[in-house]
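Visitor: I'd like a close look at one part of this protein: the places where charged side chains pair up, and what lies around them. Could you walk me through that in plain words?

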Amino acid sequence: MHNLNGKIVVASHNEGKLREIADLIAPFGLEARSAAQFALPEPDETGTTFEENAYIKAHAAAVATNLPALSDDSGMCADALGGQPGVYTANWAETPDGKRDFRIAMQKVEDLLRDIRAVDPRERTARFVAVICLAWPDGYAEYYRGEVAGTLVWPPRGEIGFGYDPVFLPDGYDKTFGEMTAEEKHGCKPGAADALSHRARAFQKFARARLGST
């Protein structure tokens, strides 16, 4: 049986993601520990889809800890750029010293959009995608996908979020993700209406399937 017994590993070393997932999981009483707390190495993300990369991380953590593990793989997909950067979202932020600077990544996206003269908001549509993988040591896995549509703005606005949040304006809102509080961005509470962010929407599907959330 593939049940959750109250303990779960969050298979991520990304502090921004860990904060978001911790906020989302807290109301459900699960004891969540991060991969870093187990001193687990970061596996190479060699997949070409969000599902593949999420599984690589979750299954590696599950095998190492003998606990069910939850992993997220996410990215921003710009329609005018053929869905780029997509699964390579974090790679676009890499610096020569091996660190990540998303100011560089946001500028790269903007430069590419300007190269093709995508300046009208209708030409700057994009999606944030998140896939949550719940995996067990025996290889069994479940997937929960969330997406949110929006428009890429320039210059970046807000410093609350992380990644590409400051340039992503979700449809129907006048604040970028970088200007929203965590509560505004996720909008995911037990019994609440559908969430806003891609990660919260994926988590909401997981919570409904596995945690008895409505």
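Guide: Sure, let's start with the count: this predicted model holds 15 salt bridges. Take Lys 57 and Glu 45, which form one of them, with their closest N and O atoms 3.6 Å apart. Lys 57 sits in helix H2, while Glu 45 is in the loop between E2 and H2, so this pair ties together parts that are 12 residues apart in sequence. The two ends don't have equal exposure labels: Lys 57 counts as buried because its relative accessibility is 10%, below the 20% limit. Glu 45, at 40%, counts as partly exposed.

Stay with that loop for a moment. Pro 43 has its place there too, between strand E2 (31-34) and helix H2 (50-65). Leaving aside its neighbours within four places in sequence, Pro 43 is in contact with Ile 56, Lys 57 and Ala 60. So Lys 57 turns up again, here as a contact of Pro 43. Pro 43 itself is partly exposed, with a relative accessible area of 29%. You can also look from Pro 43 over to Ala 11: they are 32 residues apart in sequence, and their C-alpha atoms are 10.0 Å apart in space.

Now hop over to the strands. Glu 147 and Arg 127 form another salt bridge, and here the closest N and O atoms are 3.6 Å apart. Glu 147 belongs to strand E6 and Arg 127 to strand E5, so the pair ties together parts that are 20 residues apart in sequence. Both ends are partly exposed: Glu 147 has 33% relative accessibility, and Arg 127 has 26%. These two also belong to a network of salt bridges that links Glu 51, Asp 79, Arg 127, Arg 145 and Glu 147.

What about the strands that carry this pair? E5 (residues 125-135) and E6 (residues 141-152) pair in the antiparallel sense, over 11 bridges. One of the matches is Ala 130 with Gly 146 in E6. The two strands form a hairpin with five residues between them, and Gly 139 in the turn has a positive phi of about 100°. E6 has a second partner as well: it pairs with strand E7 (residues 168-170), again in the antiparallel sense, over three bridges. There, Thr 151 has Leu 169 in E7 as its bridge partner.

E6 also carries one end of another salt bridge. Arg 210 and Glu 142 form it, with their closest N and O atoms 2.6 Å apart. This one links distant parts of the chain, since Arg 210 is in helix H5 (residues 198-210) and Glu 142 is in strand E6, 68 residues apart. Arg 210 is partly exposed, at 24% relative accessible area, whereas Glu 142 is buried, at 13%.

Last stop, the nonpolar side of these strands. The largest nonpolar core has 20 residues, and those with the most contacts inside it include Phe 128 and Leu 152. E5 and E6 each supply at least two residues of this core, as do strand E3 (69-78) and helix H3 (102-115). H3 gives the most, with four residues. As for Leu 152, its contacts beyond four places in sequence include Met 76, Val 109, Ala 126 and Phe 168.

Conventions: Residues are numbered from 1 along each chain as its sequence is written. This is a predicted model: local features need pLDDT of at least 70, side-chain atom pairs count only at pLDDT 80 or more; totals for chains, interfaces and linings use all residues. Side-chain values use heavy atoms; hydrogens and water are left out. Two strands pair if DSSP finds at least two bridges between them. A nonpolar core is a set of buried Ala, Val, Leu, Ile, Met, Phe, Trp, Tyr and Cys residues joined through side-chain atoms within 4.5 Å. Buried means under 20% relative accessible area, exposed over 50%, partly exposed in between (1.4 Å probe, protein chains only). Contact means heavy atoms within 4.5 Å. A salt bridge is a side-chain nitrogen of Lys or Arg within 4 Å of a carboxyl oxygen of Asp or Glu.
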